[in-house]
Amino acid sequence: KQKRRVRVIDIYKSPDLPKSVEFYCCEINDENGLKKALKNVSYVHHNVALVPLTKAGNRFWEVNVVGTKQLLKSAVEMNIKFFSHMSSSAVFGLPNKMPITNETQTRPIEIYGKAKLAGEKLVLEYIKEGLNAAIIRPRTVIGIQRLGIFQILFEWIHEKRNIPIIGKGKGLFQFIHVEDIAEVSILLCLK
């Protein structure tokens with residue numbers, strides 16, 4: 001395996017960030033900050049997003065869509081080799097047919113899905129202009145310290161408690177582990 005240097009661009013530095021990882025404190029809409037942070041970078045894994053639960057108000061669209069456009073622009077100007085865009089299955093809304101395939105129409109029904117779809121459209125525009133990029137649409141991402149509301153459900157299951165079920169309990173729910181989605185993003189860049 002080839003060793004790679006990793007650089008995180010964020011507005012928050014995690015206290016458990018490994019010392020080997022470079023950190024740049026930068027807003028996604030900060031053009032000069034992004035260019036500085038993207039200097040000598042080959043691959044971008046774009047995971048920035050505000051979720052509706054943050055009560056971000058007007059900043060929601062500014063970060064999720066306008067910020068994606070700024071990051072794309074900066075990535076092209078800094079000659080990035082590959083841009084991996086983390087979108088969401090929320091772009092499909094409530095599909096009429098399952099499973100979701102490449103032919104499933106996008107019909108987001110809430111602001112998060114609409115913003116993610118707008119971000120995808122920007123990535124597709126840049127792909128037409130020659131940017132090497134991919135769009136990933138994961139289902140609900142879970143992992144260590146990333147269970148959210150599902151933490152309660154998994155604790156109940158572990159404790160062998162009765163779980164309340166809506167309907168007949170035949171509704172399937174898909175998850176993807178955070179490590180698996182990270183691996184997909186990395187493999188796309190190295191293809």
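Which residues form the covered face of strand S3 (residues 43–46), and which the uncovered one? Val44 and His46 are on the covered face, while Tyr43 and His45 are on the uncovered one. In a regular strand, side chains alternate between the two faces of the sheet.

Before going further, a word on the model. It is a predicted one, in which local features need pLDDT of at least 70 and side-chain atom pairs count only at pLDDT 80 or more, whereas totals for chains, interfaces and linings use all residues. Residues are numbered from 1 along each chain as its sequence is written, and side-chain values use heavy atoms, with hydrogens and water left out.

**The chain as a whole**

The protein chain holds five helices and seven strands; these are DSSP runs numbered from the N terminus, with helices (H or I) of at least four residues and strands (E) of at least two. Reading from the N terminus, the order is β-β-α-β-α-β-α-β-β-α-β-α. The C-alpha trace spans about 55 × 40 × 40 Å along its principal axes.

Of the 191 residues in the protein chain, 30% are buried. Here buried means under 20% relative accessible area, exposed means over 50%, and partly exposed lies in between, with a 1.4 Å probe and protein chains only. The protein chain exposes about 13,600 Å², and carbon and sulfur atoms supply 55% of that area. Such areas come from the Shrake-Rupley method with a 1.4 Å probe, and for residues only the protein chains shown count as cover.

Among contacts in the protein chain with a separation of 6 or more, 66% come from residues 24 or more positions apart; a contact means heavy atoms within 4.5 Å. As for charge, the protein chain has 29 positive and 18 negative charges, and their mean positions are 3 Å apart. Lys and Arg count as positive and Asp and Glu as negative, leaving out His and the chain ends, and each charge is placed at NZ of Lys, CZ of Arg, CG of Asp or CD of Glu.

How confident is the predictor? The mean pLDDT (the predictor's confidence in each residue, from 0 to 100) is 90 for the protein chain, and 98% of its residues reach 70 or more. Confidence is lowest in strand S6 (residues 140–142), at a mean of 85, and highest in S4, at 97.

**S3, S4 and Phe83**

Let us return to S3. This strand pairs with strand S4 (residues 82–86) in the parallel sense over four bridges; two strands pair if DSSP finds at least two bridges between them. Val44, from the covered face of S3, stands opposite Phe83 in S4.

Is Phe83 buried or exposed? Phe83 counts as buried because its relative accessible area is 0%. Leaving out residues up to four places away in sequence, Phe83 touches Val44, His46, Leu71, Leu72, Ala75, Val123, Leu131, Asn132, Ala133 and Ala134. The C-alpha atoms of Phe83 and Ser42 are 8.9 Å apart, with these positions 41 residues apart along the chain.

**Tyr126 in helix H3**

Tyr126 belongs to helix H3 and is buried, since its relative accessibility is 17%. Beyond its neighbours within four places in sequence, Tyr126 is in contact with Lys69, Leu72, Lys73, Val76 and Leu131. Leu72 and Leu131 are also among the residues that Phe83 touches.

**Residues in the loops**

The loops offer some backbone details. Asn40 has a phi near 65 degrees, a positive value in a residue other than glycine, and Asn79 likewise has a positive phi, of about 60 degrees, without being a glycine. In the loop between S4 and helix H3 (111–128) sits Pro99, and the peptide bond from Met98 to Pro99 is cis, with omega near 0 degrees.

The table places four loop residues and gives their relative accessibility.

| Residue | Loop between | Relative accessibility |
|---|---|---|
| Ser14 | strand S1 (7–10) and strand S2 (22–25) | 26%, partly exposed |
| Asn40 | helix H1 (31–38) and S3 | 68%, exposed |
| Asn79 | helix H2 (59–77) and S4 | 64%, exposed |
| Ile166 | helix H4 (150–158) and strand S7 (175–177) | 82%, exposed |

Two C-alpha separations help to place these loops. Ser14 and Ala182, 168 residues apart along the chain, have C-alpha atoms separated by 17 Å. For Ile166 and Leu117, 49 residues apart along the chain, the separation is 29 Å.
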